[in-house]
Amino acid sequence: MEEKLNSEESVEQSKQAVQDDAKGLWVSSKKFIVELLDFRHDTDQEATIEAIKGDIPFKGATAWILICSIFVASIGLNANSTAVVIGAMLISPLMGPILGIGMSIAINDIDTLKKSMINLATMIVLSLLTAFLFFAIFPLKEETSELLGRVKPDIRDVLIAFFGGLALIIARTKKGTIASVIFGVAIATALMPPLCTAGWGLATGKYHFFLGAMYLFTINTIFIALATFVVLKLLGFTMIRYVNSVKRKRIARLASFIAVLVMIPAVFTFINVYQDSIINANYKKFLKEKIDDNKDLWLQREDIDRDAKTISLFFNGDITDATETFLRNELKTYPKIDSYLLLINENKARSVDRVVDAYDRAIADLDEKDNVIKGLHKEIDDLKSIISNLNQRIEQDATNRDKNTVPFSSIIKEAKIRYNGITGMSFSKKLVSKDFIKIDTIPEISISWNKKLADSIVTKKEKELKGWLQKELSIKNLIIKK
């Protein structure tokens, strides 16, 4: 009985030890993760606020730096040079007022908020004016890929702006600013190119490009400011206290109202851009899977109208009713665009052009092949002539050395003409002795006949061939061998 109690007590102790070890592992892991991700102990509130406030004012050198950076970015967009655009982002001072907006809302500093918004508005107006003047005066106004890449924001731009803003404000709050992070965020969030693209849209009269670029700039601005607000709230930055309690309450309410105003468009922007991204992704998937991969369809151009919920496809050639029905049915299987109206347009004239082009290419290919065949025939004839000459020279040399040499090449040619059943001939001289004293040399010819010939016909032809060869070679003794 005592041994049983001791055994049960030992088991309970083992279980408790395992639980203590597991608990200790969890506590250690939790402590490690907290220490790894916690950056509150490394922040400097006063230095951060002063640094952000120092970047807000916009006058003198800052204004000229902005103008120069806008010119550089506009030239880079016009020249389609990514490297030049990145250089313009690095020298742009646009980030200061945006951080000021997020910080002032977070710490209830209405004066800094006013200053930040005034300076940001001034920077935007000056940037648009500078870009407008550049593109209005500069003679080259092509739609480069760098320009077109800033007119249709998607969900990735929202995420880049928010997480870029998080990285920037975390770097700002750290003791000893991380300059490389600031430069990296300036490149990633790309505040300058949208403003330059908006100026290009105004200068060229393409206002939908202007609206798209300003939409992208607004997204970047809102989510960078939102990220700043969130981080400073999490870090518990001290809010400004006003002596007048009435004013303090009014400012607090105003700051809260502005914060809500910033949050609402941010949420709606995120939802709208996310939905547009899904629509665009499914639209491209539909085009690739059902049209681009179909070799029987020749798509000339396409267009999607999200407001009218229509998809217009322009084809070269005839489109059958069965194909139209198939495409409309397949469109219904793609989410977010299943309710869109599919408009199919065909260009029969281009179909005829396509047939004519194919015919012209076929004729050109045939002409080229004919030329190649003629060239090959000429080469074959030349080779035959060379071989014939070589054979004649070999036989002539042999005749000069030995008067009894048989003109083999001429013999086999004529034999082939006379006896068309011959498939091969070979000639040799055979040493023969009948009395084991005297040795004679007897010509021997080996003949190969077509296997389809009957033996009786082969025997008859061999007899005729032997007589003809004896006469041609002027010899009495001749051995015919199969």
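This is a short conversation about how to read some features of a predicted model.

Visitor: I would like to begin with the inside of the protein. Which residues have the most contacts inside the largest nonpolar core?

Guide: A general idea helps here: in soluble globular proteins, nonpolar side chains tend to be buried together. In this predicted model, the largest nonpolar core has 53 residues, and Leu94, Met214 and Phe217 have the most contacts inside it. Several helices supply at least two residues each, among them α2 (45-54), α6 (110-137) and α11 (207-234). The largest share, 11 residues, comes from α11.

Visitor: What is leucine 94 in contact with, leaving aside its neighbours within four places in sequence?

Guide: Look around leucine 94 and you will find Leu66, Met123, Leu191, Met192, Leu195 and Phe217. There is also a second, separate core of 18 residues, which includes Tyr283, Leu297, Leu331 and Tyr334.

Visitor: Now the serines. Is serine 127 buried or exposed?

Guide: Serine 127 counts as buried because its relative accessible area is 0%, and buried means under 20%. You can find serine 127 in helix α6. Not counting residues up to four places away in sequence, serine 127 touches Leu66, Ile70 and Leu195. Two of these names may sound familiar: Leu66 and Leu195 are also in contact with leucine 94.

Visitor: And where does serine 104 lie?

Guide: Serine 104 sits in helix α5. Its relative accessible area is 1%, so serine 104 is buried too. A polar atom of the serine 104 side chain lies 2.9 Å from the backbone oxygen of isoleucine 101. Beyond four places in sequence, serine 104 touches Asp109, Thr112 and Leu113.

Visitor: Let us turn to strands. In which sense do β2 and β3 pair?

Guide: In a regular strand the side chains alternate between the two faces of the sheet. Here, β2 (residues 310-316) and β3 (residues 341-347) pair in the parallel sense, over seven bridges. To trace one bridge, start at phenylalanine 315 and look for its partner in β3, glutamate 346.

Visitor: Which helix joins β2 and β3 in a β-α-β unit?

Guide: That is helix α13 (residues 321-331), and the β-α-β unit is right-handed.

Visitor: One last feature: how many disulfides does the structure hold?

Guide: The structure holds zero disulfides. You can still compare two cysteines by their surroundings. Cysteine 68 is partly exposed because its relative accessible area is 41%. Cysteine 196, with a relative accessible area of 0%, is buried.

Conventions
Residues numbered from 1 in each chain as written. Predicted model: local features only at pLDDT ≥ 70, side-chain atom pairs only at ≥ 80, totals over all residues. Heavy atoms only, no water. Core = buried A, V, L, I, M, F, W, Y, C linked by side-chain atoms within 4.5 Å. Buried < 20%, exposed > 50% of the residue type's maximum accessible area, 1.4 Å probe, protein only. Helix = DSSP H or I, 4+ residues; strand = E, 2+ residues; numbered from the N terminus. Contact = heavy atoms within 4.5 Å. Polar contact = N/O pair within 3.5 Å; in protein donor to acceptor, adjacent residues only side chain to side chain. Pairing = 2+ DSSP bridges. Right-handed = clockwise from strand over helix to strand, strands pointing away. Disulfide = S-S within 2.5 Å.
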